[in-house]
Structure formats: C-alpha cells, structure tokens
Amino acid sequence: MGFERGERQAKRTKKALVQAFSQLLHDKNYNDITVNDITNLADAGRSTFYRYFKSKADVLVEMHEGIFGRFILNHSSASDWLSDEPSSELVEFFRKFQKSGPVQLSLTYTLGSDIDYLTREIINLLNEKIEESLHSCFSESDSNIPFAVLAQAISGTYSQVLLSWVSKHQVLSVEKIAEYIHRITRSVIQEAIGQS
C-alpha cells in the first residue's frame, strides 16, 4: 500500500517537473531555463529534480515520450498500422504541432550544446516506442526486415517529413501530411510482412 502511494507521488512529482519545464519553454529560450526555474515553478527541490532527471535536456526527452505516446504511437493492433486512413491521434498530433510550430522550430535554434544529445535521445526514444508497438502488433518472424531496422525507417519518416513540413510553413494541410506519413509507413510495413 505504501509502495503504491509512493509510486503515485513520484509520478505526480515527475509530471509537475515536466509541466513546469513545458510552461517555461513558452516564455523563455531553452538555454535561459535553469533547474532552479523548473523546481521553483513545480514547487520541488533540486534534490527531487535530480532524483528523476540528470539535466533539463532529459526533461525535454521525457516530454517527447508523452507526445509520442499520445499522438503518434496509439497503435494497438496490426489493423491500426495497416488501416486505409491515418488514426485520429496522428491527425491530432499534427494539429497540435501546427499550433506550436513556431515554438518547436525556434526551440531547435536555442538548444545550444545540448542539441546533439537531444537529437540522438529523442530519435532513440521514437525508435524504441515504434519497435515496441511493432512487437505488440505483429510477429517479427513474419517480417523480412528486423523490427529494429523497420522502426528506424518509420521514425526517420516521421521526423524528417515533420521537420520539412514545419520549416516550409505547413504548405500541406494537417490532414494531408498525416495521410502521406501514414501511407508511407503502411507501405513499409506491408513490404516487410509481405502484405499488399
């Protein structure tokens, strides 16, 4: 009982730190945000912060875990990956990204020395989440491409098309970009598992 209560409290504290950091990103450049800023806004101590995160860069990575879980990777079955239409979650992800596009794009210019670490960790996280979803929806023995490689191809599609879409000021509609990414992803998976 005490363990569960402690676990719930830990989740609440970690969530408060992430939310504080997210709020700060709307008001300040990434490089100008300090651990003290985060802990003050979250009403937590520095030792509490370092219990969950090594640095503010790791808070940003944690934010992406929630983003990927909610909007990109809500695929619980093979039919979700192979459906004719993109999921409503994917469309909603692009809609939210479109609204915060200027913040997201300006963020990439203010990451300073953390940019290489963050890029690597966020892409690794996306690969990991996609691979987990593939394993839960398909049998790897039915695939002629290892799921680790397949996940990298899919995450590359998501990240590169998304960045290009934002940098070109979203010429395509939210619905169209979601449709194109879904169709590309679906065709890669169909090729791997021999479905058409």
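Of the 196 residues in this protein, 40% count as buried. The model is a predicted one, with a pLDDT that averages 85 and with 88% of the residues scoring at least 70. Confidence isn't spread evenly over the elements: helix H2 (residues 35–42) has the highest mean pLDDT, at 96, while helix H7 (residues 101–109) has the lowest, at 51.

On secondary structure there's little to untangle. The protein has ten helices and zero strands, so a string of α-α-α-α-α-α-α-α-α-α, read from the N terminus on, covers the order of its elements. As for how the chain meets itself, take the contacts with a separation of 6 or more: 69% of them are between residues 24 or more positions apart.

Helix H1 (residues 2–27) holds Thr13. This threonine has a relative accessibility of 15%, and because the cut-off for buried is under 20%, Thr13 counts as buried. Once neighbours within four places in sequence are set aside, the contacts of Thr13 are with Thr48 and Tyr52.

Next comes the helix with the highest mean pLDDT, H2. Its buried residues are Val35, Ile38, Thr39 and Ala42. Looking down the axis of H2, these buried residues fall within an arc of 90°, so they line one face of the helix. The spacing fits a general rule: an α-helix has 3.6 residues a turn, so residues three or four places apart point the same way. Right after H2 sits Asp43, with a positive phi, near 55°.

Now to the aromatics. The structure holds three aromatic pairs. In one of them, the ring centres of Phe49 and Tyr50 are 5.1 Å apart and the planes stand at 85°, so this pair is edge-to-face. The two partners differ in exposure: Phe49 is buried, at a relative accessible area of 0%, whereas Tyr50 is partly exposed, at 41%. Phe49 also pairs with Phe53, with the centres 5.6 Å apart and the planes at 45°; that angle is neither under 30 degrees nor over 60, so the pair is tilted. Both of these phenylalanines are buried. Taken together, Phe49, Tyr50 and Phe53 make up one aromatic cluster. Another ring, that of Tyr30, has a charge for company: Lys56 lies over its face, 4.4 Å from the ring centre.

Further along, the loop between H7 and H8 is the place of Ser113. With a relative accessible area of 74%, Ser113 is exposed, because the cut-off is over 50%. In sequence, Ser113 and Asn31 are 82 residues apart, yet their C-alpha atoms are 9.1 Å apart in space.

Helix H8 (residues 115–137) offers a quick geometry check. At 1.5 Å a residue, its 23 residues should span 33 Å, and the C-alpha atoms at its ends are 33 Å apart, so expectation and model agree. Buried residues in H8 include Leu118, Ile122, Leu125, Leu126, Ile130 and Leu134. Asn127, Lys129, Ser133 and Cys137 are buried in H8 as well.

Notes. Residues are numbered from 1 along each chain as its sequence is written. This is a predicted model: local features need pLDDT of at least 70, side-chain atom pairs count only at pLDDT 80 or more; totals for chains, interfaces and linings use all residues. Side-chain values use heavy atoms; hydrogens and water are left out. Helices (H or I, at least four residues) and strands (E, at least two) are DSSP runs, numbered from the N terminus. Buried means under 20% relative accessible area, exposed over 50%, partly exposed in between (1.4 Å probe, protein chains only). Contact means heavy atoms within 4.5 Å. pLDDT is the predictor's confidence in each residue, from 0 to 100. The expected span of a helix is 1.5 Å times one less than its number of residues. The arc is that of the directions from the helix axis to the C-beta atoms. Rings of Phe, Tyr and Trp (its six-membered ring) pair if their centres lie within 6.5 Å; planes under 30 degrees apart count as stacked, over 60 as edge-to-face and the rest as tilted. A charge sits over a ring if NZ of Lys or CZ of Arg is within 6 Å of the ring centre and within 35 degrees of the ring normal.
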